[in-house]
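Trainee: I would like to work through this model one question at a time. Where shall we start?

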Amino acid sequence: ISLGIGFLIGILLVMGMQWLLSQNQTLEALIKQGLDKHEFKPFYQPIVHSKSGKIVGCEVLVRWVKKDGTIIPPYQFIPFAEDSGLILPITEQLLYRVVRDIQTLNWGDTDKFMSVNIVPEHLQNDDLFHTIESLKNDHWQYHNLSLEITERRKIEDLAQAKKTLEKFYDVGIELKLDDAGTGYGGFAYVQELKISTIKIDKMFIDVIGTDDMKNSVLSSIIAFANEASSMKTIAEGVETREQVELLAKHGVYKIQGYVYAKPMPIEELVEWKKIAKNLIAMASH
Ligand code: C2E
Ligand code: MG
Ligand code: MG
Ligand code: MG
C-alpha cells in the first residue's frame, strides 16, 4: 500500500509541476502579447519635500493596462517577468513613455527626476544604457532620469555592474537603493555601487513610534545615511502626517506615500500637480 501511496504522491507531484509550468508558459505568452499591444504603462507616484512642499520627482511604477481598462498590479506579473527576463522589454516599453512624459511635465530644465525600477540583469550589459541614449533629445536631461535597484536581489557580477553604472554616472543618471534594510545586498551595494540615495522601506515607516527593534533599524539606516555625507534618503510608504513629522525630526524630508499621493497615470499627474500645493500643505506640518 505504502508503495502505491508513494507512487500516487509522485504522480501528483509531477502533475503539479506540469501545471505550474503550464501556468508560467501561459503567463509568458500573455506578457508577450501585452508587449506587442503596448499594454505596460508607467504610473507615477510623487516624491515630495515635506519642508518646501515641492515635488522633487516621481517613482515610475508599472501597471499592465488591458484594452478593457483592467489594471493588473505589479505583484501579479513582475516576479515572473523578473525571473524570465521579460522585465527587460517591459522596462524598455516604460522608458519610451517616461521620457515623453518628462517632456509633457516640462521637467527638462529642472532637477526633477523620474526614478525607474531596474533589476540586476539591467546592469550586466550596456543594453539599457543604449536604449536610454537612443531616447535622448533636447527636451530632457539625463539627470531627469534615475534608476533604483532593490537590495532584495543579488547582483551576480558586481564588477560588471560597476562598469555599466560608470556609463550612467558619467552622463548624470544616479542609482538609488530600493527597499533599504530588508535584503542582504544593502551596505555592500552602497559602498561598491556609488549609491546616491537610499529608499527606506515602508516596513520601517509602518512601525514608527511602535516597535523598538525595528525603530532601531530605522535609526541606524538614517544614521548611516547622515554619516556618509553625500547620501540622500527617501522614505517610502508614508501614510500619515505623524510619520512625516517624525521623519522630519530625523532629517528625512523626501517623502513618498499615500499621505501625498498614490501612483497615477500621466493625465492624472498633470491634474494633480495643479492642486498639489494645497494637498501637500494639508498633509505636512
Ligand atoms: P517598490 O519599488 O518598493 O515600490 C513601492 C511600492 O509601494 C509601490 O507598489 C507603491 O504603490 C507602494 N506604496 C507607495 N506608497 C505607499 C503607501 O503609502 N502605502 C502603501 N500601502 N503602499 C505604498 P506597487 O506599485 O504595487 O509596486 C510593487 C513593487 O513592484 C515595487 O516595489 C517594485 O519592486 C515592483 N515594480 C513596480 N514597477 C516595476 C518596474 O517597472 N520594474 C521592476 N523591475 N519592478 C517594478
Ligand atoms: Mg522602487
Ligand atoms: Mg521600494
Ligand atoms: Mg518597497
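Trainee: Does E174 count as buried, exposed or partly exposed?

Mentor: Apply the cut-offs: buried is under 20% relative accessible area, exposed is over 50%, and partly exposed is in between (1.4 Å probe, protein chains only). E174 has 29% relative accessibility, so the class is partly exposed.

Trainee: What pLDDT do side-chain atom pairs need to count?

Mentor: Residues are numbered from 1 along each chain as its sequence is written, and chains are lettered from A and ligands numbered from 1 in the order in which they are written. Side-chain values use heavy atoms, without hydrogens and water, and as the model is predicted, totals for chains, interfaces and linings use all residues, local features need pLDDT of at least 70, and side-chain atom pairs need pLDDT 80 or more.

Trainee: With which residue does E174 form a salt bridge?

Mentor: A salt bridge needs a Lys or Arg side-chain nitrogen within 4 Å of an Asp or Glu carboxyl oxygen. The closest N and O atoms here are 3.2 Å apart, and the partner of E174 is K232.

Trainee: How many residues separate this pair, and which strands hold E174 and K232?

Mentor: In the E174–K232 salt bridge the closest N and O atoms are 3.2 Å apart. The pair links distant parts of the chain, 58 residues apart: E174 lies in strand β6, and K232 in strand β8. Strands (E, at least two residues) and helices (H or I, at least four) are DSSP runs, numbered from the N terminus.

Trainee: What lies between strand β6 and strand β8 in the pairing, and in which sense does β7 pair with β8?

Mentor: Two strands pair if DSSP finds at least two bridges between them. Strand β6 (residues 174–180) and β7 share three bridges in the parallel sense, with A180 opposite I200. I200 also stands opposite A235 in β8. β7 and β8 have four bridges, and their sense is parallel.

Trainee: Are the residues on the two faces of strand β7 buried or exposed?

Mentor: On one side of β7 (residues 197–200) sit T197 and K199. On the other sit I198 and I200, and all of these are buried.

Trainee: With which residue does K199 form a salt bridge?

Mentor: K199 is at 0% relative accessibility, so it counts as buried. Its partner is also buried, at 13%. The side chains meet at 3.4 Å, N to O, and the partner is E236.

Trainee: Which residues are linked with K199 and E236 in a network of salt bridges?

Mentor: The two additional residues are both buried. They join K199 and E236 in the network, and they are E59 and E148.

Trainee: Which residues are the protein donors of the magnesium ion (ligand 2)?

Mentor: Donors are N, O and S atoms within 2.8 Å of the metal (3.2 Å for Na, K and Ca), and sites may look incomplete because water is not among the atoms. The donors follow the spacing E-x57-N-x30-E-x29-D along the chain. They lie 2.0 to 2.3 Å from the ion and are E59 (OE), N117 (OD1), E148 (OE) and D178 (OD).

Trainee: Which residue coordinates both ligand 2 and ligand 3?

Mentor: These two magnesium ions are 3.7 Å apart. The residue that coordinates both is D178.

Trainee: Which residue bridges ligand 4 and ligand 3?

Mentor: Ligand 4 has D179 (OD) and D201 (OD) as protein donors, at 2.5 to 2.7 Å. Ligand 4 and ligand 3, both magnesium ions, lie 2.9 Å apart, and the bridging residue is D179.

Trainee: What is the phi of D179?

Mentor: Most residues other than glycine have a negative phi. D179 is not a glycine, yet its phi is positive, near 55°.

Trainee: The side chain of which residue makes a polar contact with that of D179?

Mentor: A polar contact is a pair of N or O atoms within 3.5 Å; within protein, one must be able to donate a hydrogen and the other to accept it, and residues adjacent in sequence count only if both atoms are side-chain atoms. The partner lies in strand β5. Its side chain also reaches the backbone nitrogen of R152 at 3.0 Å. The contact with D179 is 2.7 Å, and the partner is T150.

Trainee: How many salt bridges does the structure hold?

Mentor: One of them joins R153 and D83 at 3.7 Å, N to O. The total is 16.
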